Amino acid sequence: MKIAIIGIGTVGSAVATAVKNTGFVHEIVLFDRDAIRARAAAEDLGHAASFGFDVKISAVSNYRGIRGSDIVIISAGANQKPGETRTDLLNKNVAVISDIVPRVMANVDPKHVRIIVVTNPLDVMVMLTQKLSKLPASRVIGTGTMLDSARLRTILSRQLSVSTQSINAYVLGEHGDSSMVNWTSATIGAVALDDFCRQMKTPLPATTRATIEHRVRNAAYEIIQGRGATWDGIGAAAADLLRCIINNEHRILTVSCVNGAGANMVAMSLPRVVGADGASAPIMPKMSASESAALRKCAKIIRKNYDSIGK
């Protein structure tokens, strides 16, 4: 399995490390316009690989070097800075994606390749990538709210004293400030969240849930404020998505793919079955009226941002 990673900045490097550590990839090609940075990253990661899985790692600054790639991960673009929202990156990264995608498609097999999008604002970039690549929507997959959902499960794990592995709870909609928590369908093990809280005598009132939602939405901003950027979490999310595709696992992930057509076309995160062929159509979970309204709001925001780029 040959993987190409486009953009070897902080996030791209973290993605490369996480992908290497899966053990499911035999070749990783690191592409960056800065040839020196790409070579340095390939050398460093190659040295690290000697302690673990045997992976061929190379650096290229010409798109011909990605030929033969089964999966392309796009992580290039401006990173979020303190005080910026993901939407603030819109125009900068539209230009980046508009330049990258045609060059990628000129050097891969369109009948086979799958593209994973990491660049923010994620959902709009997925829509743009799918349009420019002309690939089926199922094969252009954004990491979506995988990381947001992981943050939610981590907070709930600490709140309820139960492993994240036993928590099925999802953040849906935009990978951004309008994301919503699907409390109605949340379960702990095989038990509905509300039932679990009653049985374990660990109340989770509306005020606490609102605080949790705020913490999930603002986790990236807090990390950026203290660390300058986020990279480990998204690297792990991208590698998990990649592993699911490579192993044809048919796991349900909250990834972002284009759905609908015309004026109703939008990409946002909903539960989808992910395997070797990409992502399925969305699986709609049970929602309250307020959750459904919040999801519709997400769709409108994403679509408005997409329309604003004029592509």
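**Notebook: cavities, pockets and helix contacts**

I looked up the second largest cavity and recorded about 50 Å³ of space in it. The model I worked from is a predicted one. My search of the whole structure returned 2 cavities of 30 Å³ or more.

**Entry 1. Lining of the second largest cavity**

I listed 11 residues around the second largest cavity, and those nearest its centre are Pro121, Leu122, Asp123, Glu174 and His175. I then asked which elements give two or more residues to this lining, and found α4 (122-133) and α9 (289-308). The largest share, 3 residues, comes from α4. By residue class I noted 4 nonpolar, 4 polar and 3 charged residues in the lining of this cavity.

**Entry 2. α4 against α3**

Since α4 had come up in the cavity lining, I turned to its packing with α3. I recorded that the axes of α3 and α4 come within 9 Å and cross at roughly 30 degrees. Angles under 35 degrees count as roughly parallel, and I therefore entered α3 and α4 as roughly parallel to each other. The crossing of α3 past α4 is right-handed.

I wrote down the residues that make this contact. From α3 they are Leu90, Asn93, Val94, Ile97, Ser98, Val101 and Met105. From α4 they are Val124, Met125, Leu128, Thr129, Leu132 and Ser133. I counted 9 nonpolar and 4 polar residues in the contact of α3 with α4, and no charged ones.

**Entry 3. Second largest pocket**

I next examined the second largest pocket, which holds about 360 Å³ of space. It is lined by 21 residues, and I noted Gly7, Asp32, Arg33, Ala76 and Gly77 as the closest to its centre. Two helices, α1 and α3 (90-105), are the elements that give two or more residues to this lining. I entered the lining of the second largest pocket as 9 nonpolar, 8 polar and 4 charged residues.

**Entry 4. α1 against α8**

Having met α1 in that lining, I looked up its contact with α8. Helix α1 covers residues 10-20 and helix α8 covers residues 232-246. I recorded a packing angle of about 45 degrees, with the axes 8 Å apart. That angle makes α1 oblique to α8. I also noted that α1 passes α8 in a right-handed crossing.

The α1 side of the contact consists of Val11, Ala14, Val15, Ala18 and Val19. On the α8 side I listed Ile234, Gly235, Ala236, Ala238, Ala239 and Leu242. In the contact of α1 with α8 I found 10 nonpolar residues, 1 polar residue and no charged residues.

**Entry 5. Largest pocket**

I closed with the largest pocket, in which about 470 Å³ of space lies. Of its 20 lining residues, I noted Met146, Ala150, Arg153, Asp240 and Arg251 as the closest to the centre. The elements that give two or more residues to this lining are α5 (146-160), β7 (167-168), α8 and β12 (251-259). I asked which element gives the most to the lining of the largest pocket. The entry is α5, with 6 residues. I divided the lining of the largest pocket into 9 nonpolar, 7 polar and 4 charged residues.

**Cross-references**

I marked α8 twice, once for its packing with α1 and once for the lining of the largest pocket. I likewise marked α3 for its crossing with α4 and for the lining of the second largest pocket.

Technical notes. Residues numbered from 1 in each chain as written. Predicted model: local features only at pLDDT ≥ 70, side-chain atom pairs only at ≥ 80, totals over all residues. Heavy atoms only, no water. Axes fitted to C-alpha atoms, helices over the stretch in contact; angles between N-to-C directions. Helix = DSSP H or I, 4+ residues; strand = E, 2+ residues; numbered from the N terminus. Parallel < 35°, antiparallel > 145°, perpendicular 65-115°, else oblique. Left-handed = near helix turned anticlockwise from the far one by under 90°. Contact = heavy atoms within 4.5 Å. Nonpolar A, V, L, I, M, F, W, Y, C, P; charged D, E, K, R; others polar. 1 Å grid on protein atoms, 1.4 Å probe; cavity = no way out; pocket = protein on both sides within 12 Å on 5 of 7 lines; lining within 4 Å. Points joined across faces, edges and corners; volume = space filled by probe spheres on them.
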